[in-house]
Amino acid sequence: MTEPVQLVPGDTIGILGGGQLGRMMSLAAASLGLKTHIFCPDENSPAFEVADRHTVAAYDDLQALDAFAAECKVVTYEFENVPGETAARLESHIPVRPSPHALEVSQDRNTEKEFLRSAQVDIADFATIDSENDLEEALELLGGKGVLKTRRFGYDGKGQVMIRDLEDIDGALDKIGNAPAVLEQLIPFQREVSVIVARDVNGTCTAYDIAENHHENHILKTSTVPANVRAETADAARAMAIKIATSLKYVGVMGVEMFLIEEDGAERLLVNEIAPRVHNSGHWTEDACLTSQFEQHMRAVAGWTLGSAERHSNVVMENLIGAECEAWPTILKDPKARLHLYGKSEARDGRKMGHVNRISPKTD
Ligand code: ATP
Ligand code: MG
């Protein structure tokens, strides 16, 4: 077997996608002496201004992809909807990390759930939906309530409809554009948590402490660490995330979202979804851990040894959404607040403009 490709300082990591995640990956790469080349169709990409090079081209521009690959030693991505053909084309030249297989699994909720089940990870019951008839049958099987979600391209709660009774079925498929879908059992969870896990090219895994996440208008608002959960639950969550990364032979950082259910005095976890990339609920690691998720991802895709995921502080990460970023002067006055702005010019409603990590002494 050939040895996995390993970069040396000065080498270039290609990144598909030029948003804030690509930007923060580039900054982390630079601090390790690695260069980045961003590939994104949007000419106003926030990542361009902090990367060594960028290419503005469509993801199906094969000529541009070939030229991009010729300048990079390895390629990664900041979003899971990288087209399969794009990943395959790049992989014919250089390693794609995480693998195109990880993309394929996580791009489709149905495939992802089947994978999670086969990896013996607990998930909500679900059914595949292609017609109104499927929906009626599934609703009965799942106890009369469910969440209808498109199999592909959902984010920030888009492409989802809550079904609370039979009447809600009417027009529900229209609302999601009659796209192939799944119906998930409605989970009466008490809390939402997530785990950021990393796996290197040799299979060594490390998982960060678990974060407790709060959403507003279907967008992540805060991640709090430590999460208000039992130590055994936190250990179980991390073990589950490591199991997922291992089953996928994953290379890089992955976000694993989970529901926490309290039942009869016990806590139980169900995996909601996985994201094959650095994750918004891991932004707290930048200021509360020895190694941020961004550095960890760059180390993994470079074929390097992972850093320590040890947490040295308590932290609350708050997303700055739309006009909330205008509070930057006030945030700067708080000595325990670490401000991160993404350099986006227009503060549109619902747009993630930055985040702030509020640090306090570690309590556990
Ligand atoms: P994001 O991009 O924020 O991760 P998404 O569009 O990919 O969101 P999900 O994470 O599947 O979608 O769902 C968004 C939110 O809807 C969850 O964080 C949770 O609050 C709620 N939700 C999703 N599925 C269920 C479920 N089966 N039962 C109860 N609530 C759910
Ligand atoms: Mg989610």
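1. Leu341 lies in strand 16, which covers residues 337–341. The model discussed here is predicted. In this model Leu341 is partly exposed, with a relative accessible area of 36%. Together with Trp328 and Leu332, Leu341 makes a nonpolar surface patch of about 300 Å². Leu341 can belong to such a patch because its relative accessible area of 36% passes the requirement of over 30%.

2. The domain assignment of the protein chain gives domain 1 (12–96), domain 2 (125–185) and domain 3 (191–361). The C-alpha centres of domain 1 and domain 3 are 22 Å apart. Where these two domains meet, 18 residues of domain 1 are in contact with 20 residues of domain 3.

3. Between them, domain 1 and domain 3 bury about 1700 Å², and 72% of this area is on carbon and sulfur atoms. On the domain 1 side, the residues that lose the most area to domain 3 are Gln20, Met24 and Leu32; together they account for 31% of what that side buries.

4. The count of salt bridges between domain 1 and domain 3 is one. Elsewhere in this note the term recurs, and the general principle is that side chains of opposite charge can pair when their charged atoms come close. Glu80 and Arg277 form a salt bridge in which the closest N and O atoms are 2.5 Å apart. The structure as a whole holds 24 salt bridges.

5. A further salt bridge is the one in which the side chains of Glu49 and Arg23 meet, at 2.9 Å from N to O. This pair links distant parts of the chain, with the two positions 26 residues apart in numbering: Glu49 is in the loop between strand 2 (35–39) and strand 3 (53–55), while Arg23 is in helix 1 (residues 20–31). Are the two partners buried or exposed? Glu49 counts as exposed because its relative accessibility is 56%, whereas Arg23 counts as buried because its relative accessibility is 12%.

6. Arg311 and Asp209 form another salt bridge, and their closest N and O atoms are 2.7 Å apart. The two residues are 102 residues apart and so link distant parts of the chain. Arg311 is placed in the loop between helix 10 (293–301) and strand 15 (313–321), and Asp209 in the loop between strand 10 (205–207) and strand 11 (211–216). Arg311 counts as buried, at 5% relative accessibility. Asp209 is partly exposed, with a relative accessible area of 23%.

7. In the salt bridge between Lys221 and Glu318, the closest N and O atoms are 3.4 Å apart. This pair also links distant parts of the chain: Lys221 is in strand 12 (residues 219–225) and Glu318 is in strand 15, 97 residues apart. Lys221 counts as buried, at 7% relative accessibility, and Glu318 is partly exposed, with a relative accessible area of 22%.

8. Which residues are joined with Lys221 and Glu318 into one network? Salt bridges that share partners join these two with Glu324, Asp334 and Arg358.

Note on methods:
Residues are numbered from 1 along each chain as its sequence is written. Chains are lettered from A and ligands numbered from 1 in the order in which they are written. This is a predicted model: local features need pLDDT of at least 70, side-chain atom pairs count only at pLDDT 80 or more; totals for chains, interfaces and linings use all residues. Side-chain values use heavy atoms; hydrogens and water are left out. Patches are made of residues with over 30% relative accessible area and no salt bridge: like charges are joined within 9 Å, nonpolar side chains (Val, Leu, Ile, Met, Phe, Trp, Tyr) within 5 Å. Accessible areas come from the Shrake-Rupley method with a 1.4 Å probe; for residues, only the protein chains shown count as cover. A salt bridge is a side-chain nitrogen of Lys or Arg within 4 Å of a carboxyl oxygen of Asp or Glu. Helices (H or I, at least four residues) and strands (E, at least two) are DSSP runs, numbered from the N terminus. Buried means under 20% relative accessible area, exposed over 50%, partly exposed in between (1.4 Å probe, protein chains only). Domain bounds come from an automatic or database domain assignment. Contact means heavy atoms within 4.5 Å. Buried area is the accessible area (1.4 Å probe) that two parts lose on being put together, summed over both.
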